[in-house]
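This report describes one protein chain for a reader at the bench. It takes up the overall fold, then aromatic side chains, then charged pairs and the surface.

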Amino acid sequence: MVTSTAAWVKQHSLRWVLAIWVGLMGWSLATPTALAYDNPDLLPEEPTFIIDLANSLSSFEEERLNDRIQTFEDESGWKLRVLTQYDRTPGRAVKEYWGLDDHSVLLIADPRGGNLLNFSVGDALFDLLPRTFWIELQTRYGNQFFVRDNGENGAILEALGSIETCLRQNGCAVVPGLPQEQWILTLVTSIVGGVIGGFAAHPRKPGQVIAWQWVLIFSPLWGILFFAFGVGPVVTRTSDWIPLTRNVAGFAIGFLVAYLTSTLRDDSSSPSET
């Protein structure tokens with residue numbers, strides 16, 4: 001009795017395993033591949049500069065952007081192309097479809113990753129736009145916070161606008177424009193640089209007004225914070241004098257606060273004359 005029961009369980013278990021395996025195989029064969037590595041069937045029949053498989057752009061935006069890219073290519077000779085994808089992509093087929101070469105930029109927008117934007121850049125562009133430019137462009141407009149506030153369409157349009165602007169100017173070392181969060185960072189570093197300079201400058205000898213020796217000793221620290229991180233990113237990204245003026249004022253205020261605080265503290269701690 002026990003032997004027959006064990007045989008029945010074994011027989012039916014094998015049937016269930018076989019049925020599940022066949023079902024899974026059938027499901028996997030019936031389900032299309034999520035990411036086609038080279039699928040020319042997804043390419044549109046009519047010529048276009050934009051393949052919007054992820055529907056990131058409205059029809060109006062796509063039409064205007066097509067005209068803009070055509071005008072820019074006629075004027076400059078540089079090719080700009082846009083591919084948005086989510087669960088489908090034509091993959092390498094776009095290279096032949098668009099004739100991508102050393103003078104081409106392919107912007108790929110894929111919301112599945114941590115950053116929306118990726119770029120396939122022709123070798124000729126690196127003479128005008130270095131690799132650091134593309135990294136900054138990706139992190140500025142493709143990050144999740146920018147996409148959340150401006151949408152995928154905003155990220156695509158802003159990135160293309162920066163590329164067009166820089167190519168019209170015969171190159172850029174950095175992405176033009178100074179975002180609010182980046183300016184705040186430059187302001188903070190300017191203030192910190194001023195505080196360090198102020199602490200270094202407070203007098204340490206009777207009759208001394210500014211301890212220039214200590215200012216020079218600490219100059220690599222406060223100088224890097226103010227000039228490299230406070231002034232440099234501003235003047236290289238915008239011609240607007242307002243953020244630069246604010247950073248200079250922040251440095252001066254930080255310097256004075258630290259200088260006066262240290263000086264008053266030393267005066268209060270020194271023994272009074274009798």
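The paragraphs below go from the chain as a whole to particular side chains.

**Overall architecture**

The model is predicted, and the secondary structure of its chain comes to 9 helices and 4 strands. Along the sequence, these elements follow one another in the pattern α-β-α-β-α-β-β-α-α-α-α-α-α. The chain has 274 residues, of which 38% count as buried, and it exposes about 16,800 Å², with carbon and sulfur atoms supplying 62% of that area. Among contacts in the chain with a separation of 6 or more, 68% are accounted for by residues 24 or more positions apart.

**Aromatic side chains**

The structure holds 11 aromatic pairs. One of them joins F119 and W134, whose rings lie 5.4 Å apart centre to centre with 50 degrees between the planes, a tilted arrangement. This pair links distant parts of the chain, since F119 belongs to strand β4 (residues 117-121) and W134 to helix α4 (residues 131-141), 15 residues apart. F119 counts as buried at 18% relative accessibility, and W134 also counts as buried, at 6%.

The rings of F255 and Y259 have centres 6.2 Å apart and planes at 10 degrees, so this pair is stacked. Both residues lie in helix α9 (residues 241-269), where they are 4 residues apart, about one turn of the helix. F255 and Y259 also belong to one aromatic cluster that includes W222, F226, F227 and F251.

Y259 is buried, with a relative accessible area of 14%. Leaving aside neighbours within four places in sequence, Y259 is in contact with G198, A201, H202, P203, V209 and I210. The C-alpha atoms of Y259 and G198 are separated by 4.3 Å, although these residues are 61 residues apart along the chain.

A charged side chain also meets a ring: R131 lies over the face of F126, at 4.2 Å from the ring centre.

**Salt bridges**

The count comes to 8 salt bridges, and three of the pairs are set out here.

| Pair | N to O distance |
|---|---|
| E75 and R168 | 2.8 Å |
| R140 and E136 | 3.0 Å |
| D149 and R148 | 3.3 Å |

The bridge between E75 and R168 links distant parts of the chain, with E75 in helix α2 (residues 59-76) and R168 in helix α5 (residues 144-168), 93 residues apart. E75 counts as exposed, at 54% relative accessibility.

Where do R140 and E136 stand relative to each other in helix α4? They are 4 residues apart in that helix, and are therefore separated by about one helical turn. R140 is buried, with a relative accessible area of 10%, and E136 is likewise buried, with a relative accessible area of 15%. Together with R237, E136 and R140 are linked in a network of salt bridges. In the pair of D149 and R148, by contrast, both residues are exposed.

**A nonpolar surface patch**

On the surface, W214, I217, F218 and L221 form a nonpolar patch, with about 360 Å² of accessible area together. Within this patch, L221 is found in helix α8 (residues 219-235). Is L221 buried, partly exposed or exposed? Its relative accessible area is 42%, which means that L221 is partly exposed.

Terms used: Residues are numbered from 1 along each chain as its sequence is written. This is a predicted model: local features need pLDDT of at least 70, side-chain atom pairs count only at pLDDT 80 or more; totals for chains, interfaces and linings use all residues. Side-chain values use heavy atoms; hydrogens and water are left out. Patches are made of residues with over 30% relative accessible area and no salt bridge: like charges are joined within 9 Å, nonpolar side chains (Val, Leu, Ile, Met, Phe, Trp, Tyr) within 5 Å. Accessible areas come from the Shrake-Rupley method with a 1.4 Å probe; for residues, only the protein chains shown count as cover. A salt bridge is a side-chain nitrogen of Lys or Arg within 4 Å of a carboxyl oxygen of Asp or Glu. Helices (H or I, at least four residues) and strands (E, at least two) are DSSP runs, numbered from the N terminus. Buried means under 20% relative accessible area, exposed over 50%, partly exposed in between (1.4 Å probe, protein chains only). Rings of Phe, Tyr and Trp (its six-membered ring) pair if their centres lie within 6.5 Å; planes under 30 degrees apart count as stacked, over 60 as edge-to-face and the rest as tilted. A charge sits over a ring if NZ of Lys or CZ of Arg is within 6 Å of the ring centre and within 35 degrees of the ring normal. Contact means heavy atoms within 4.5 Å.
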